[in-house]
Amino acid sequence: MKLLQAKLDKYQEPQKAKAAGIYPYFREISSEQDPEVIINGRKVLMFGSNCYSGLVNHPKIKEAAIEAIKKYGTGCAGSPFLNGTLDIHKELEAKLAEYVGKEDAMIYSTGFGVNLGVVSTLTGREDYILWDEQDHASIIEGRRLSFSQSLKYKHNDMESLENQLKKCDPSKVKLIVTDGVFSMEGDVANLPEIVRLAKKYDASVMVDEAHGIGVFGRGGRGTCDHFGVSKDVDLIMGTFSKSFASLGGFIACDKSITNYLRHHSRSYIFTASITPASTAAAMVALEIMQQEPQLQEQLWALTHYALEGFRNMGCEIGNTSTPIIPLFIRDNYKTFAITRDLLEEGIFVNPVVSPAVAPQDTLIRFSLMATHTKDQVTTALEKIQKVFKKHGILK
């Protein structure tokens with residue numbers, strides 16, 4: 001056996017979990033990603049989706065994707081830098097810029113690619129990237145690729161952020177990068193204070209709105225809009241794979257920034273363009289989120305109902321105030337076993353273990369869509385209480 005294979009053959013954790021009957025990944029779904037899905041020929045309630053708007057199976061969005069394929073084909077066969085820019089790409093970019101209140105926007109093929117390409121590109125060797133310790137993995141990978149000095153601050157701790165800002169050379173560029181809504185534990189960044197500190201220390205701010213758009217703000221514009229700081233945030237990032245019910249991502253900012261990124265961001269220049277179908281789907285989702293505020297209202301009604309239910313049950317849910325509800329287990333084996341048992345009870349949830357969170361912070365991630373019903377949430381609460389009692393999480 002070659003050395004590479006011999007080294008990797010030692011990695012046996014998935015095999016151990018499979019042997020124990022608790023392996024929780026790659027569960028095959030044979031239906032649309034709705035509040036109810038089909039797994040192994042059986043209906044299961046889906047509480048593991050990131051489509052907070054619930055639009056992923058909307059007939060208008062599916063029709064738009066089909067029509068885009070008829071007109072443009074299935075792919076662009078090149079990057080936007082060369083032959084891969086379509087007129088609908090530019091149309092969507094203009095609408096996104098207007099939506100979040102920026103001069104310009106540019107579309108990447110994935111949300112991960114946005115953070116990878118933006119965070120790694122904007123600052124130089126003598127500059128600084130300041131990042132929350134619970135930022136998304138794509139932000140972390142972006143700052144790893146950057147030649148800039150990397151300064152981590154404690155999660156949502158503004159004193160820690162200010163202490164890191166004080167270390168920076170006042171004459172150099174300082175970029176603060178944070179999630180708007182933190183993807184695993186569902187808490188919200190203190191954007192008003194981040195903006196205040198940015199002004200005090202002449203720093204720029206980038207906010208990842210992947211889990212904020214479709215949830216917070218007017219017409220689902222995100223946490224920046226919710227806090228009224230959109231004009232003070234220099235870069236607003238979003239992804240299409242969640243509330244936009246598609247695939248891809250964008251960065252919205254001043255034209256001076258997009259001009260630089262279009263000619264230097266490697267995950268933009270050297271990746272094929274977002275497909276016509278994905279573009280058209282995101283465009284219609286954007287329209288629906290603005291035209292149908294009842295979706296957002298329903299999402300928040302369900303969120304408040306679920307949060308109250310879990311608190312009354314005695315679950316440990318941390319500081320969440322969003323449709324992302326962490327149910328802390330704090331044990332890897334139990335997290336996997338509970339995920340398995342809940343699926344047997346007809347409830348699909350996601351296990352979150354290291355390295356997504358610290359080993360002592362393992363959790364079940366329960367997430368809501370606007371298209372869930374109150375009865376479905378009630379059923380989930382009852383099943384979770386049953387399984388948690390079985391495993392000694394609740395008395």
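**Note on the predicted model: ring pairs, the sheet and two loop residues**

1. The structure holds 9 aromatic pairs. One of them joins Phe-244 and Phe-250, whose ring centres are 6.4 Å apart with 80° between the planes, an edge-to-face arrangement. Phe-244 is buried, at a relative accessible area of 1%, and Phe-250 is buried too, at 0%. The coordinates come from a predicted model, and this applies to every value below.

2. A further pair is formed by Phe-310 and Phe-366: the centres lie 5.1 Å apart and the planes stand at 80°, so this pair is edge-to-face. Distant parts of the chain are linked here, since Phe-310 belongs to helix H13 (residues 293-313) and Phe-366 to strand S13 (residues 363-367), with the two positions 56 residues apart in sequence. Phe-310 has a relative accessible area of 0% and is therefore buried, the cut-off being under 20%. The relative accessible area of Phe-366 is 0%, and this ring is buried as well.

3. Ring pairs also build a cluster, made up of Tyr-23, Tyr-25 and Phe-336.

4. Two rings carry a charged group over the face. Arg-125 lies over Phe-147, at 4.2 Å from the ring centre. In the other case, the charged end of Lys-374 sits over Tyr-305, with 4.8 Å to the centre of that ring.

5. What is the order of the 7 strands in the open sheet? The order is S3-S9-S8-S7-S6-S4-S5, with mixed pairing. Strand S3 (104-108) and strand S5 (149-153) are the edge strands, each pairing on one side only. On average, neighbouring strands of this sheet are turned by 20° against each other, direction ignored.

6. At the S5 edge, strand S4 (residues 128-132) pairs with S5 in the parallel sense, over 5 bridges. Trp-131 has Lys-152 in S5 as its bridge partner. Helix H6 (residues 137-145) packs on the sheet and touches S4, S5, strand S6 (174-179) and strand S7 (204-208). The direction of H6 makes about 160° with that of S4.

7. Another helix to inspect is H10 (residues 255-264), which lies across S3, strand S8 (235-239) and strand S9 (249-253). Helix H10 runs at about 30° to S3.

8. Glu-126 is placed in the loop between helix H5 (111-119) and S4. Which residues does Glu-126 contact, leaving aside neighbours within four places in sequence? They are Gln-149 and Lys-172. With Lys-172 there is a polar contact between the two side chains, at 2.7 Å. As a long-range reference, Glu-126 and Ala-245 are separated by 119 residues in sequence and by 39 Å in space, C-alpha to C-alpha.

9. Thr-362 is in the loop between strand S12 (350-352) and S13. Is Thr-362 buried or exposed? Thr-362 is buried, because a relative accessible area of 0% falls under the 20% limit. Not counting residues up to four places away in sequence, Thr-362 touches Phe-328, Ile-329, Arg-330, Asp-331, Asn-332 and Thr-335, and also Val-352, Val-353 and Val-357.

Notes
Residues numbered from 1 in each chain as written. Predicted model: local features only at pLDDT ≥ 70, side-chain atom pairs only at ≥ 80, totals over all residues. Heavy atoms only, no water. Phe/Tyr/Trp six-rings, centres within 6.5 Å; stacked < 30°, edge-to-face > 60°. Buried < 20%, exposed > 50% of the residue type's maximum accessible area, 1.4 Å probe, protein only. Helix = DSSP H or I, 4+ residues; strand = E, 2+ residues; numbered from the N terminus. Lys NZ or Arg CZ within 6 Å of the ring centre and 35° of its normal. Contact = heavy atoms within 4.5 Å. Pairing = 2+ DSSP bridges. Axes fitted to C-alpha atoms, helices over the stretch in contact; angles between N-to-C directions. Polar contact = N/O pair within 3.5 Å; in protein donor to acceptor, adjacent residues only side chain to side chain.
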